[in-house]
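Trainee: I'd like to learn how to read helix packing in a model. Can you walk me through it?

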Amino acid sequence: MKTLYVNPLPVRIWHWTNAIGFVLLILTGLQIRYVGQVDLMPFRSAVVWHNWIGFVLIANFFIWLGFYLFTDKIKVYHPELSPTRHFKASFRQMQFYGYGIFRGDPNPHHVSIYRKFNPLQSMMYQIVMMILVPVQFFTGVLMWDVARFASVVDVLGGLRVVATVHVLLFIFFCGFIIVHIYLSSLGHTPSAHFKAMVTGYDEVEDETPAAEKA
């Protein structure tokens, strides 16, 4: 095993701010959506907190985007440009998650400073961070002040369409958080990846993958 500094301090601050914020958005969103059935807090308080937390996370998103765009850490998100190599690597990773991990097979992905994510994670995080999160924020802002953005809401099909997209993404993010926590427990110890997001240092196998040797 060797120790790598894979999570710089700005990334860790962003991650935990995002994690706590999304959990709070889910709780306040449940109260708003199921008023009369869920009794976590007063409805008005839920609306106010939901709005403020949403704006904090929008600012947090742009901090994340700026950090990666203007530092060499953007390499972490560089996709594999060869479709064949990406498909093969993704298929190997799916085999590992599907049954290899239960047989004790080694993880086909080997973490490095600029290859923190396996092929499936890299693809998913790009979809989530560059498409789904901005859409969720956008629909949230539209519903925050429907009167001000009435023309945009109408162009998109009306408030029901905007609200439906927002709720569907809310459901997706609920599931995403559960899967994310599960996958985070699949390090060499169940707590290894969680500790890495606190200290910044992750213990990885002292081995270079064949793809990087070529």
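**Reading how the helices pack**

Mentor: Sure, and keep in mind that this is a predicted model. Start with who touches whom: Asn51, Phe55, Leu57, Ile58, Phe61, Trp64 and Leu65 on the α2 side meet Met129, Met130, Val133, Pro134, Phe137, Val141 and Trp144 on the α4 side.

Trainee: What classes of residue make up the contact of α2 with α4?

Mentor: Sort them by class and you get 13 nonpolar, one polar and no charged residues.

Trainee: And at what angle do α2 and α4 pack?

Mentor: The angle is about 145 degrees, and the axes lie 11 Å apart. You can also look at the handedness, and for α2 and α4 the crossing is left-handed.

Trainee: Let's try another pair. How do α1 and α6 pack?

Mentor: Here the angle is about 135 degrees, with the axes 11 Å apart. Angles from 65 to 115 degrees count as roughly perpendicular and those over 145 as roughly antiparallel, so α1 is oblique to α6. As for handedness, α1 passes α6 in a left-handed crossing.

Trainee: Which residues make that contact between α1 and α6?

Mentor: From α1 you have His15, Phe22, Ile26, Leu30 and Arg33, and from α6 there are Val167, Phe170, Phe173, Cys174, Ile177 and His180. Split by class, the contact of α1 with α6 has eight nonpolar, two polar and one charged.

Trainee: Where does α7 come in, and how far apart are its axis and that of α1?

Mentor: Helix α7 spans residues 192–199, and α1 spans residues 9–33. Their axes are 8 Å apart, at an angle of about 115 degrees. Arg12, His15 and Trp16 of α1 make the contact with Ala196, Met197, Val198 and Thr199 of α7. That contact counts four nonpolar, two polar and one charged residues.

Trainee: Now for the inside. How many residues does the largest nonpolar core have?

Mentor: It has 23 residues, and those with the most contacts inside it are Phe61, Trp64, Tyr68, Tyr77, Met129, Val133 and Phe173. Next, ask which helices feed it: α1, α2 (43–69), α4 (119–144) and α6 (159–184) each supply at least two residues of this core. The largest share, eight residues, comes from α2.

Trainee: Can we zoom in on one residue? What does tyrosine 68 touch?

Mentor: Leaving out residues up to four places away in sequence, tyrosine 68 touches Val11, Lys73, Ile74, Val76, Tyr77 and Lys116. Tyr77 also appears with Tyr68 among the core residues with the most contacts.

How values were computed: Residues numbered from 1 in each chain as written. Predicted model: local features only at pLDDT ≥ 70, side-chain atom pairs only at ≥ 80, totals over all residues. Heavy atoms only, no water. Axes fitted to C-alpha atoms, helices over the stretch in contact; angles between N-to-C directions. Helix = DSSP H or I, 4+ residues; strand = E, 2+ residues; numbered from the N terminus. Contact = heavy atoms within 4.5 Å. Nonpolar A, V, L, I, M, F, W, Y, C, P; charged D, E, K, R; others polar. Core = buried A, V, L, I, M, F, W, Y, C linked by side-chain atoms within 4.5 Å. Buried < 20%, exposed > 50% of the residue type's maximum accessible area, 1.4 Å probe, protein only. Parallel < 35°, antiparallel > 145°, perpendicular 65-115°, else oblique. Left-handed = near helix turned anticlockwise from the far one by under 90°.
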